[in-house]
Each structure stands twice: as C-alpha cells, then as structure tokens.
Amino acid sequence: MQNRIMAALVVLACLIMAVPLFFRPGKTADFSNGDWRQLYFHHKAARDAVLDQGEPGFWSPYVNGGFPLAAHPHDPSFSPLFPIILAAGEILGCRINVFLIFLAGTAGMALYTRRSLGFNRWGVFSATALYAVSGWLPARLFGGNYWETFYYLFPIIAFCLAGAGRDKRYFFAAVLLLYLLLAEANFVFPVTLLFLGLLWLFGKALPKPDDAGLSGGLALKNLILAAVFACLVGAVKFYLLTGLLAVNPRAVDYQIFKPAQEAMPALNPFQGIAAFWEGFIKTRPFIEIAKASGGVGPNLVGPEYIGCGGLALALACLSPLLSFRRYIGVAVLLGLSIAVSFSLYLPFDLFAPLSRLPVFGAMYNTVKYFNFFILFFICIGFGGFFHTLFNRMKHRNGKLALALFMAFAAVYPLAANRLIIPLTFFHDPPEAGQRAGFSQVLYGPLYINLMENTGVIKWHSSIQIPTNAVPSRLELGAGGPEEYLHSYRGEAWLASGRGEVRLLDASYNRIRVHVDMQTPGLCVINQNYDPGWSSSWGWVVDVQGLLGVHVTEPGQRDVLLIFRPKGIWIAAGVGIAALLLLIWECFMGQNNRSRRHSA
C-alpha cells in the first residue's frame, strides 16, 4: 500500500511539472533566443525534407550556401523520436518528446535506485521525487537547450547496462537509448559515455542491492559493446557526422571563455562557485516573478541552474557519514562533477585533459555540459541518506517525522520550479509568407527565413564549412533598407557559352534549373560544390567552390541535380546489419541459450 501511495505521489509531481508543456500547444518560446530558432529550424527542415521529398534532408540550400544538414548533430532525421515531429510538427512535437524523455528519465531513476543500488522504498521515493521536481530540466527548455534534455535519460541507460549481464534485452534497450543520443543529442552522447565509464570505475564504492536482484554492477565490456553497437546501428548518422567534423573539427579553445581575473581572486578560489550559488543549487521564487512581470526574464534561469535546493545538497554530502563504504563513491562522483563543471572558475582545471580529446575540445561552457551530473549524484546521495535513516529508525513516530522532513525537502523545489515551463511558452509563432523565388542573404533569423524560402549564408551554428556562395542582399530586416550586391549574379548564371539559364527551384537534395543553350557552356549555381551531386544532363564540376554543370549540347531543357552523400548506401547496409545482429543476439540467441540450458 505504501509503495502505491509513493508511486502515485511521484506521478502527481511529474504531472504538475510536465503537463504545462501542453497548456499552450500553439505557442512558442521567446524567439529573441537564437537557440529556439535553431531548434525549430532543424526540426522543420528535417520534417519538410521527408514530407516534400520522401527522404532525409542530406543537403539543404537554406544555410551556408548549401550544407549537408542531415550530418549536423542537431538534425533529428535519424532519431527514433522523429516520427513524433513528423506527425505533430516542430512546435508541439518537441514538447511531446520532452514529455516522453521526462517520464522515461524519472522511471529510470526509480529503477536504477531500486534494482541497481538496492535502495528501500524511502530511498527510491526521495531520490526519484527530487529528480522529478528539480528545476534542471525546465531550465533547459527555458534556455532553448532542447538537446540537453536527453541527459535526463542517463539513469535508465545506467539501469539497462547494469542489467545487461543477466538479460540481453536490457542490453538491446541500452543500445537503442545510446543510439538516440547519437542521432539527435549533440554533446550528450560522449559526455554520457564518460560518466557511464566513471560509474564503472567507482562501481565497487557505490551502493549495491542486498540480494542478487535483476541488476548487477555496470560491466566495462557491456559499456564498450553498447557504445560500439550504437555507432553501428546509427552508421548513417555516424558516417555523415564524422565526415562533417573532418571538414570542421569544432576546435574551440575553451580557455578564451574564462572569466576575467578579478572574478577569481587568489585568496578566494571558490569565488566562481559562490557567484553561481544563488542560481545554481538554490531554488527561486517564480510565483512572485510571474505576478510582477507575467513571464520569466532572460537572466533568471541560466545553464547553471539546477534548483534542487541547498538542503538536498547538504543531505547528499552527509550520506557518507551515515555509511562511509556505501556512499563514498557517490560523494566522490558528486565532487568530480562539481569540479569538472566549475573548471572555468577554479584554479585547478580538471577539464583541461578532457579538452584535448576530440569533441570535448569544442565544449566552451563546462557548467552547461556537465552540471546535470551534479543533480544526478545529489539525487543518489539524497536518496541514500533517507534509505539509511529509515533502515535504522525503529520508532513509528520517528519515521513519521522523517517522512515529513523528506516531503518538505522535495515540495519546496516543486513549488518553486513548477512555473518555469508555463512561463516559457506564451509567445505567438512568427508569421511569414513564402517568397516565390529562392535567394540567399548574408544574415537573418534562420527559422523565419526558412518559412520565407530564403537562405542564410552566415548562420547561428558552431559548425561551419567553407562557402563561396554570394548573398543577394546584405540586410534582410523588417522595414530596413536592403543593399543589393553588385557581385551577385543570381542563383544561376552562365560562366561560358551563349544562352540563358535560370533557377527554377532549390529544395532538399534537389536543384532544378532551366537552360536554353545556343552553344555548349558552363552553368554555375550559387551553391557549395560537393562530390555527392549528380546531374540529369551534362556533368557536375567544381567551379571555385561552387556547383557547376557542363552543358555539352545546345538545346532547351530543365536540368535536375540530385545530391546523395558518397557511401551512404554502404553506411545504411552496415546499420541494418548491426540492428539485425543485435536483435538476433538479444532475443533469438538468448531464447536458444535458455532452451539449451533448460534441456
């Protein structure tokens, strides 16, 4: 009976936190935030490509003078959650995905603490409730960091990997979840693998169930195999992504983002943590903010925000005092998470060795990319504190007082954080009419320009590839003057030969031009060249970095250019073969072994 009541309370807390995602299904967040424009652009572009062309948007003419968009880490075309975007659209679909991630992550915390760590029902309830009511996940949405919400799946991935040694079906689930991170979630995939490795490294110092249970410790072999299979199943995405990173390795020197020296006086090395304390662990009174302003101000919730309460941190830090051997690993991992997150603000830079590794070197804000794990280990230590105390408490009145204390520690963050989501989505979506002819500008709001059938050459992304495309206009602003460039020759022109050429339309993976040639010549299209292009007439050439077509015969006709990444079918074959092998090994193979064992 008590277990059902606790489960019902956790479900209620989840509903209070997450149901507001659907209060205003047609509204968006503040579009002055460039991250939201990026988010909606990538999801709308992927959706349009599939609905218009019936295939992923391997090439988009709308950014950077032509870009292999499906290769971008933010592109969701190969994500298992992408069908939801197809059905519901980019505005509502992203929120449905967050809702599913939130529920799966909360359930994963309950499973991980019960099956893998062996907490009693009080420990499971306290850890899971705190995980559900923290402000970390709503703060991701406020900041437009949709992709970072996938960190929330970490406990269910850890649980599945811990159970993989006893049941291969859990290994299958772990591979699919890791593939989901690879397919859509940017930096989340390598950071998740890093902290799964730390769970293995400190496994002997972590809590363990008293009985054998379903789950054991996380095995390094299963972790490595799961990561390899995730990359193989996602071979198409992995192949496209590695090809893009080979062009632009995202080498960012994160040291340039270090704060000024006056922010870190030598006599107070923890000044950086102190500066973040108010908005990091502690919760904020959003009710009063809502009454005063009707919305959440831009500086109230930053990427450092966790909002689980200082009491939760204190109890998590006290858990090793109750049982040193059981919780010392949790305390060490919590300390490591804090030290890595605040590397930019401490005299000892724990992140410096990681920054020398591929991908990690592009992470310029360590608080943003690592602070989820502070929350995770706070929840584990918080749950362990109450697990141990309730095991030792024999008197009924003492248990009742402890339960009330535990409820207070979880209700305060719930009350403070429940308004972040409803105060985030209250803006009308932009209205934009599609222009008849496609052209490109130098700068512009990416999502809105996509709706207007206008490309943007300088776009808001940390991944850029060299471009030689020329913008038609330098400025695209509401009511502002547009300066036309004298060097702009159109989206298609003749570099040699006599005749006329004009662009009919530019879309995902396809460009159509009409040529009326009196002599053979060279047609140039204002898009980046890539060896994946082919033409229905003539042959494709590189014209100083732009896309060219050699027209060998005079005449008048429409020429269709189609883009296919080189080697894409081989990558697709590898992914399908890996998935079939995984299914056979985790289901058919396990059933065969079970029958032989029974015989």
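Leaving aside its neighbours within four places in sequence, which residues is L196 in contact with? Let's work up to that and then try three more exercises. The model is predicted, local features need pLDDT of at least 70, side-chain atom pairs count only at pLDDT 80 or more, and totals for chains, interfaces and linings use all residues. Residues are numbered from 1 along each chain as its sequence is written, and side-chain values use heavy atoms, with hydrogens and water left out.

**Exercise 1. Find the contacts of L196 and place the residue in its core.**

Step 1. Count a contact when heavy atoms lie within 4.5 Å. L196 then touches F154, I157, A158, L161, L178, L218 and L223.

Step 2. Look for the core, a set of buried Ala, Val, Leu, Ile, Met, Phe, Trp, Tyr and Cys residues joined through side-chain atoms within 4.5 Å. Buried means under 20% relative accessible area, exposed over 50%, and partly exposed in between (1.4 Å probe, protein chains only). The largest nonpolar core holds 173 residues, and L196 is listed with F150, L199 and L561 as having the most contacts inside it.

Step 3. Helix α15 (residues 366–392) gives the most to this core, 17 residues. Another core of 6 residues lies apart from it, including W493 and V524.

**Exercise 2. Describe how α2 and α3 pack.**

Step 1. Helices (H or I, at least four residues) and strands (E, at least two) are DSSP runs, numbered from the N terminus. Axes are lines fitted to C-alpha atoms, for helices over the stretch in contact, and angles run from 0 to 180 degrees between N-to-C directions.

Step 2. The axes of α2 (residues 34–53) and α3 (residues 82–116) come within 9 Å and cross at roughly 145°.

Step 3. Residues of α2 such as L39, Y40 and H43 are among those that meet a set in α3 including F82, I85 and L86.

**Exercise 3. Compare the settings of N64 and Q544, starting from phi.**

Step 1. Neither is a glycine, yet phi is positive, at about 60° for N64 and about 50° for Q544.

Step 2. N64 sits in the loop between α2 and α3, while Q544 sits in the loop between β8 (539–543) and β9 (546–551).

Step 3. N64 counts as buried because its relative accessibility is 2%; Q544 is exposed, at 72%.

**Exercise 4. Which residues of α10 are buried?**

Step 1. Helix α10 covers residues 235–247.

Step 2. Its buried residues are A235, V236, K237, L240, L241 and L244.

Conventions: The expected span of a helix is 1.5 Å times one less than its number of residues.
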